[in-house]
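Here is a friendly walk through one protein chain, from its backbone details to its charged pairs. Please keep the viewer open as you read.

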Amino acid sequence: MTGKVELLLPAVARSAAVTETPLGRLTVPSRAVPERRVMVDPQELVDLRNAARSAADRAHAPYSKFTVGAALIMADDPERRVFTGANVENATYGATICAERTVIAQAAAAGFRRIAILAVSCTKALHARLADRSPCGICRQTIAEFSTDVPPSLVLIDSGDDDVLGDVLDLDRLLPYAFRIAP
Ligand code: THU
């Protein structure tokens, strides 16, 4: 039985830049993400990561053979049940659904709207560099749709190691400039 631990999400700061061109100014926007501390339960993270790994065994990936599993807990689910999903490919290729969107669709259809933690495990690329086992752009935007800022929705990306629980990102770090419809 392990207790909760405080997870540090360090601040990110990038400066703006302006370049004059003969046709007008080109601006590179600045980016400032404040430091955050959030309490997490390591046992819950291990359980989610393991559930994501097992879910990958149920992937329908006959074309790419790249099996992906995802598992999540919704913050607005008082039972904190674990939903799981896997990538479901299609002969048209384009109709393929990634593991992350499969599991989010299940949780959303069950009535929940706010992700607490989503774990993803690309079981064919577990020790690869982060970009090769991270959610794709469409999935990031879907995660954004069901994310909250306080407390931050977290994404745990399996790195395959036994002594590392995985790489953790919040939405600010996963998808800067996520598209939103202004309220
Ligand atoms: N895939 C996912 O399930 N999640 C991702 O974030 C990246 C890619 C799936 C889609 C496809 O079935 C296979 O991995 C290869 O791209």
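Where does Tyr93 lie? Tyr93 is in the loop between strand 8 and helix 2. Please bear in mind that this is a predicted model.

## Backbone details worth a look

Let us stay with Tyr93 for a moment. Its phi is positive, about 65 degrees, although Tyr93 is not a glycine. With a relative accessible area of 59%, Tyr93 is exposed. Lys65 is another non-glycine residue with a positive phi, near 60 degrees. You will find Lys65 in the loop between helix 1 (42–56) and strand 7, and at 54% relative accessibility it counts as exposed. As background, most residues other than glycine have a negative phi, and most peptide bonds are trans.

The peptide bonds hold something for you too. Val150 and Pro151 are joined by a cis peptide bond, with omega at about -10 degrees. Pro151 is found in the loop between helix 3 and strand 10.

## The sheet and a helix across it

Now to the strands. Five of them form an open sheet in the order 8-7-9-10-11, and the pairing is mixed. At the edges are strand 8 (83–86) and strand 11 (167–170), each of which pairs on one side only. From one strand to the next, the twist averages 20 degrees. In general, strands of a sheet pair through backbone hydrogen bonds, either parallel or antiparallel.

One pairing to trace is that of strand 9 (residues 115–122) with strand 10 (residues 154–157), which is parallel and runs over four bridges. Ala119 has Leu156 in strand 10 as its bridge partner. Helix 2 (residues 99–109) lies across strand 7 (68–74), strand 8 and strand 9, and it runs at about 145 degrees to strand 8.

## Nonpolar cores

Which residues have the most contacts inside the largest nonpolar core? They are Leu72, Val103, Ile104, Ile115, Leu118 and Ile143, in a core of 26 residues. The elements that give two or more residues to this core are strand 7, helix 2, strand 9, helix 3 (137–145), strand 10 and helix 4 (171–174). Helix 2 gives the most, with five residues. Apart from this core lies another, of 15 residues, among them Val38, Leu48, Ile73 and Ala116.

Ile115 is a handy residue to select in the viewer. Leaving aside neighbours within four places in sequence, its contacts include Leu72, Ile73, Met74, Ile104, Ile143, Phe146 and Leu154. As a general matter, nonpolar side chains in soluble globular proteins tend to be buried together.

## Cysteines without a bond

How many disulfides does the structure hold? The count is zero. Cys98 is in no disulfide, and the nearest cysteine sulfur, that of Cys139, is 3.8 Å away; a disulfide would need the two sulfur atoms within 2.5 Å.

Why is Cys122 without a bond to Cys98? The sulfur of Cys98 is the closest cysteine sulfur to that of Cys122, but at 8.9 Å it is too far for a bond. Cys122 is buried, with a relative accessible area of 4%.

## Salt bridges

The model has 13 salt bridges, and Arg36 is a good place to begin. The side chains of Arg36 and Asp149 meet in a salt bridge of 2.5 Å, N to O. This pair links distant parts of the chain, with Asp149 in the loop between helix 3 and strand 10 and Arg36 in strand 6 (residues 36–40), 113 residues apart. Arg36 is buried at 15% relative accessible area, whereas Asp149 counts as partly exposed at 47%. Arg36 also forms a salt bridge with Asp170, and here the closest N and O atoms are 2.7 Å apart. Asp170 is in strand 11, 134 residues from Arg36, and is buried, with a relative accessible area of 0%.

Another pair to display is Asp158 with Arg53, whose closest N and O atoms are 2.6 Å apart. Asp158 lies in the loop between strand 10 and strand 11 and Arg53 in helix 1, so this salt bridge ties together parts that are 105 residues apart in sequence. Asp158 counts as buried at 1% relative accessibility, while Arg53 is partly exposed at 21%. Finally, salt bridges that share partners join Arg36, Asp149, Asp170 and Arg173 into one network.

Notes:
Residues are numbered from 1 along each chain as its sequence is written. This is a predicted model: local features need pLDDT of at least 70, side-chain atom pairs count only at pLDDT 80 or more; totals for chains, interfaces and linings use all residues. Side-chain values use heavy atoms; hydrogens and water are left out. Two strands pair if DSSP finds at least two bridges between them. Axes are lines fitted to C-alpha atoms, for helices over the stretch in contact, and angles run from 0 to 180 degrees between N-to-C directions. Contact means heavy atoms within 4.5 Å. A nonpolar core is a set of buried Ala, Val, Leu, Ile, Met, Phe, Trp, Tyr and Cys residues joined through side-chain atoms within 4.5 Å. Buried means under 20% relative accessible area, exposed over 50%, partly exposed in between (1.4 Å probe, protein chains only). A salt bridge is a side-chain nitrogen of Lys or Arg within 4 Å of a carboxyl oxygen of Asp or Glu.
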